[in-house]
Amino acid sequence: MQSKGFVPLLTALILICTSCGTKQFQEKFQEWFGDDTPKKLETQRLSLFEYDDKLYGAWAGKMIGVSYGAPYEFKYLGEIMEEGVIRPWKPQYVENALQQDDLYVQMTFLQAIEEKGIQITPQEAAPYFAKTLYPLWHANDAGRRNIRAGILPPDSGHPRYNPHANDIDFQIEADVFGILCPGMPRTAVNMAKSFGVLMNYGDGLYGGLFVAGMYSAAFMETDRIAVIEKGLQCIPEKSQYAQLIRDVLEHYRGNPTDWRGCWTMLEDKYGSTDLCPNGHNQPLNIDAKLNGGYVVLGLLYGEGDFAKTLEITTRCGQDNDCNPSTAAGVLGALGGYSRIPQEFTLNIPLISDRIFLHTPYNFTTLIQACRRQTNKIIQRYSGYIQRLGDREYYAIPVQKPVAPRDLEQFTASMRDGYQDEWARLDERRSKGLEKTLQNELQKAAPGWTIRNCGQAINPGLFPELADRFDVFVTYPKSAEVPCILTWQGALTEEKPVLHLNVAASSTGATKNWRLRVYVNGTQLAEEKVSQMGDGIQWRDFKYDLSTYAGQTITIELENAADDHYSIAAYWGKIEFIE
């Protein structure tokens, strides 16, 4: 039977067709009614042996690059590093990569994809990002605070709520999407967008899409210029980011040996365009565009030589550990692990079983996880594995890069217009976070309330943390103002005991916090909760409340700073026992 809604719907479609033109109508029809059922497409071949070499090369390059530039991060602002500054490389330096945010943040993304699937949405990705406890800065930090406070994506990355929207953050952690999608740039970009909007917008987002596109292309291409151009096709042509990359390409084609001249061109044209609150009208420039230009400058003028690419990209300054990390990762994917000089890779096998900080992965399990997801992605879009002779190959669907349809740009006028909004942002976040924490605390400790929780780390309920389930994390509001958990109610007539199972976070300058217990405003106890050595040490405290049996009382638990240094408190149990 014909639906009653069919005629009005058909009428609406006809009106749209006549008002917007046939091509736009087809696009709108596909957007509304087109499904995502995979279609069998033309395929391209990549041997599994070559894929593995490039997969290893991408991650090894990323690790080497960040370790190479780590000592010089933001020490050269608006100036080229002088000759002779860079220390001679030693194989053991690569261990530095195990604690770098360039790697651990995107491993959070990988874990989310493993658990939620390759078609993960921003709404599904957000909780994974929000529940991390590692230190973050700039757009990442602002985006995570926003999500925790109920400002959800895409608002969490929008400049109205995130003053760092154009910063480099997503650009340094988008490698994984291109790595998972060899020769499939459209899929890489779609997956990347689900995570990029958590913390960035406009050119900040496009930097990540550009990087993801380059990695995806690097698995199939042999020429670094082709890789850059394929990356460009993944972002809007009229974006400022795309214009900057075209400027670098144009300068290189006219001056293929003058990288310093290219650097000067970028500095003159883009050096003072940073809108970041920390970089605006300052020598610091953490804008994704300029630093992305340094990545491309290094790839071009490095001439495919690994060591030369590292050196040039690092000498450009600004974020000169992240930039060589991205450039070396792309170059590693392009040429493969086997073409990275042995002096750089020598120690990677020696640390392959060591865990990357804040992640469940080591180098070996990272490679395995990427293989699994790549297999799923290729098969999801009708690709397959075939054997030809004595080798196995991926038959990968051919995809044309497609840029986001709508152009987003965070501009100076927007920055000026959002000043009042930004002035109220901390208050809004605090109220939103308190509401979130109150709801989560009820799951961990029913009947308790929370106030004065700080935002320097990521507080809240963690389903699994430090060998415990349902751990509630708090942080002092300041060195002088503790976070307070409160319970009001009537105790039983039996022999009530307050049982606390607590620990101190291993992250921070100090590893101690003060637990203070008050009953009806009178201090009952004070404990120093310490973190000793590696790992988390849980401690049990039991307080006899039989003096108050049968009475209605107020109990307050303080997570207070120790000697003016704040640290997060882990609450494994808050319960009354008899």
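**Figure 1. Helix 8 is largely enclosed by the rest of the structure, because 9 of its 12 residues are buried.** The model shown here and in the legends that follow is a predicted one. Helix 8 covers residues 185-196 and reaches 15 Å from its first C-alpha to its last, close to the 16 Å expected at 1.5 Å a residue. Its buried residues are Pro185, Thr187, Ala188, Val189, Met191, Ala192, Ser194, Phe195 and Gly196. Among the elements that cover these residues are helix 4, helix 5 (122-130) and helix 7 (175-180). Helix 9 (203-218) and helix 17 (363-380) also belong to the cover over helix 8.

**Figure 2. Surroundings of Phe195, a buried residue of helix 8.** Leaving aside neighbours within four places in sequence, Phe195 is in contact with Phe109, Ala112, Ile113, Ile120, Ala125, Phe170 and Phe177. Phe195 is also one of the residues that touch the most other members of the largest nonpolar core, a set of 117 residues. Trp59, Ile64, Phe170, Phe177 and Leu297 are the others named in that group. Helix 9 supplies the largest share of this core, with 10 residues. A second core, separate from this one, has 33 residues, including Leu515, Phe541, Ile555 and Trp571. In soluble globular proteins, nonpolar side chains tend to be buried together.

**Figure 3. Environment of Thr108 in helix 4.** Helix 4 runs over residues 101-116. Thr108 has a relative accessible area of 7% and therefore counts as buried, the limit being under 20%. Beyond its neighbours within four places in sequence, Thr108 is in contact with Tyr128, Phe129, Thr132 and Tyr134.

**Figure 4. A salt bridge between Asp52 and Arg371.** The two side chains meet at 2.9 Å, N to O. The pair links distant parts of the chain, with Asp52 in helix 3 (residues 48-69) and Arg371 in helix 17, 319 residues apart. Asp52 counts as partly exposed at 22% relative accessibility. Arg371 counts as partly exposed as well, at 25% relative accessibility. Side chains of opposite charge can pair when their charged atoms come close. The count of salt bridges in the model comes to 26.

**Figure 5. A salt bridge within helix 6, between Arg145 and Asp141.** The side chains of Arg145 and Asp141 meet at 3.0 Å, N to O. Because the two residues are 4 residues apart in helix 6 (residues 138-148), they are separated by about one helical turn. Arg145 is partly exposed at 25% relative accessibility, whereas Asp141 is buried, with a relative accessible area of 18%.

**Figure 6. A salt bridge within helix 14, between Glu311 and Arg315.** The closest N and O atoms of Glu311 and Arg315 are 2.8 Å apart. Both residues lie in helix 14 (residues 306-315), with a separation of 4 residues, about one turn of the helix. Glu311 counts as partly exposed, with 30% relative accessibility, whereas Arg315 is buried, with a relative accessible area of 4%. Elsewhere, salt bridges that share partners join Arg514, Arg516, Glu526, Glu558 and Asp562 into one network.

**Figure 7. Backbone geometry at Pro154, His138 and Ser382.** Pro153 and Pro154 are joined by a cis peptide bond, with omega of about 5 degrees. Pro154 is placed in the loop between helix 6 and helix 7. His138, which is found in helix 6, has a positive phi of about 50 degrees although it is not a glycine. Ser382, likewise not a glycine, has a positive phi of about 75 degrees. The position of Ser382 is in the loop between helix 17 and strand 2 (384-388). At 22% relative accessibility, Ser382 counts as partly exposed.

Conventions:
Residues numbered from 1 in each chain as written. Predicted model: local features only at pLDDT ≥ 70, side-chain atom pairs only at ≥ 80, totals over all residues. Heavy atoms only, no water. Buried < 20%, exposed > 50% of the residue type's maximum accessible area, 1.4 Å probe, protein only. Contact = heavy atoms within 4.5 Å. Expected span 1.5 Å × (residues − 1). Salt bridge = Lys/Arg side-chain N within 4 Å of Asp/Glu carboxyl O. Core = buried A, V, L, I, M, F, W, Y, C linked by side-chain atoms within 4.5 Å.
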